[in-house]
Amino acid sequence: MAVKLTKNEQKKQKDQLKQYQRYLPTLLLKKQQLQMVMRQIEAELADYKAQQEALVSGVQDWIAVFGENRTFDRNRRLDKLVKTDKVIRKEGNIAGVTIPIFENLTFKDIKYRVEDYPLWVDKAVVLLKESARITAMMRTLEMQLELLGKELRTTSQRVNLFEKVKIPETKENIRRIGIYIGDQQTAAVVRGKIAKKKLAEKGGSDD
């Protein structure tokens, strides 16, 4: 972009450079904070995935018993006994980004007659609810990562813009203006000396 080669423009460019250099550390700090938090969330997500796998692994010994579920009447199967109601989330803020924070998962109140089911059904209902809760927590963490990732990409783009474009461009503009003004000043001095010499020569020729 063309700039005016004037002292006013030089001052304007210097002011812009100060702004960029003052704002860049804030952007870098935000970028680092987002990266750190995202790593923490990814670790937490991996932990919940491990819990989910352990939950499934814990019932392997009596999976065959769960097979009884297929023998139940369609309206009495496990998926009819455990139904989620709503996920309760609150809002949090990380580095200026509004994110959802998991609070609770509620289930529809479904009554069933204990005597109509084998003993393992009570245990299965508890495990299914726990599995659903972990899934809801994992989904919330994934939502956090998605939002923070979007902000990280935007922040990284701004950092690159400042570091690789705006600051070098402004420094180059200041350099060019400085050279031009210096050349103009040098030329003015030379013209002044020439004019002074001519005046002196003219004065000498009058004698």
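Start by selecting Q144, which is buried, with a relative accessible area of 8%. The model is a predicted one, and Q144 sits in its helix α4. Show what surrounds the residue: beyond the four nearest places in sequence on either side, Q144 contacts I41, I99, P100 and I101.

**From Q144 to I41**

Move next to I41. With neighbours within four places in sequence set aside, its contacts are L141, Q144, L145 and L148. The pair I41 and Q144 therefore counts as a contact, for which heavy atoms must lie within 4.5 Å.

I41 also leads into the largest nonpolar core, a set of 20 residues in which L34, I41, Y48, I94 and L148 have the most contacts. Select those five together, then colour by element. Helix α1 (7–58), strand β2 and helix α4 (120–205) each give this core at least two residues. Helix α4 provides the largest share, eight residues. A separate core of eight residues lies apart from this one; Y20, V159, F162 and I167 are among its members.

**V125 and its partners**

Stay on helix α4 and select V125, which is found there. Is V125 buried or exposed? V125 has a relative accessible area of 8%, so it is buried, the limit being under 20%. Now add L81, V82 and Y112, which V125 touches when residues up to four places away in sequence are not counted. For L81, draw a distance between C-alpha atoms: L81 and V125 are 44 residues apart along the chain, and these two atoms are separated by 7.2 Å.

**Salt bridges**

Turn to the charged side chains. Side chains of opposite charge can pair when their charged atoms come close. The model has six salt bridges, and three of them can be visited here.

Take R133 and E130 as one stop. Their side chains form a salt bridge with an N to O distance of 2.7 Å. Looking along helix α4, the two are about one helical turn apart because they are three residues apart in it. R133 counts as partly exposed, at 27% relative accessibility, and E130 is also partly exposed, at 26%.

Continue along the helix to R175 and E172. What is the distance between the closest N and O atoms of R175 and E172? These atoms are 2.8 Å apart, and the two residues form a salt bridge. This pair, too, lies in helix α4 with a spacing of three residues, so about one helical turn separates R175 from E172. R175 is partly exposed at 44% relative accessibility, and E172 is partly exposed with a relative accessible area of 32%.

Then select D109 and K111. The closest N and O atoms of this salt bridge are 3.6 Å apart. Both D109 and K111 are exposed.

**Colour by confidence**

Finish by colouring the chain by pLDDT. The mean for the protein chain is 86, and 86% of its residues reach 70 or more. Where is confidence lowest, and where is it highest? Helix α2 (residues 63–66) has the lowest, at a mean of 57, while strand β2 (residues 97–107) has the highest, at 96. Where pLDDT is low, the predicted coordinates should not be read in detail.

Key: Residues are numbered from 1 along each chain as its sequence is written. This is a predicted model: local features need pLDDT of at least 70, side-chain atom pairs count only at pLDDT 80 or more; totals for chains, interfaces and linings use all residues. Side-chain values use heavy atoms; hydrogens and water are left out. pLDDT is the predictor's confidence in each residue, from 0 to 100. Helices (H or I, at least four residues) and strands (E, at least two) are DSSP runs, numbered from the N terminus. A nonpolar core is a set of buried Ala, Val, Leu, Ile, Met, Phe, Trp, Tyr and Cys residues joined through side-chain atoms within 4.5 Å. Buried means under 20% relative accessible area, exposed over 50%, partly exposed in between (1.4 Å probe, protein chains only). A salt bridge is a side-chain nitrogen of Lys or Arg within 4 Å of a carboxyl oxygen of Asp or Glu.
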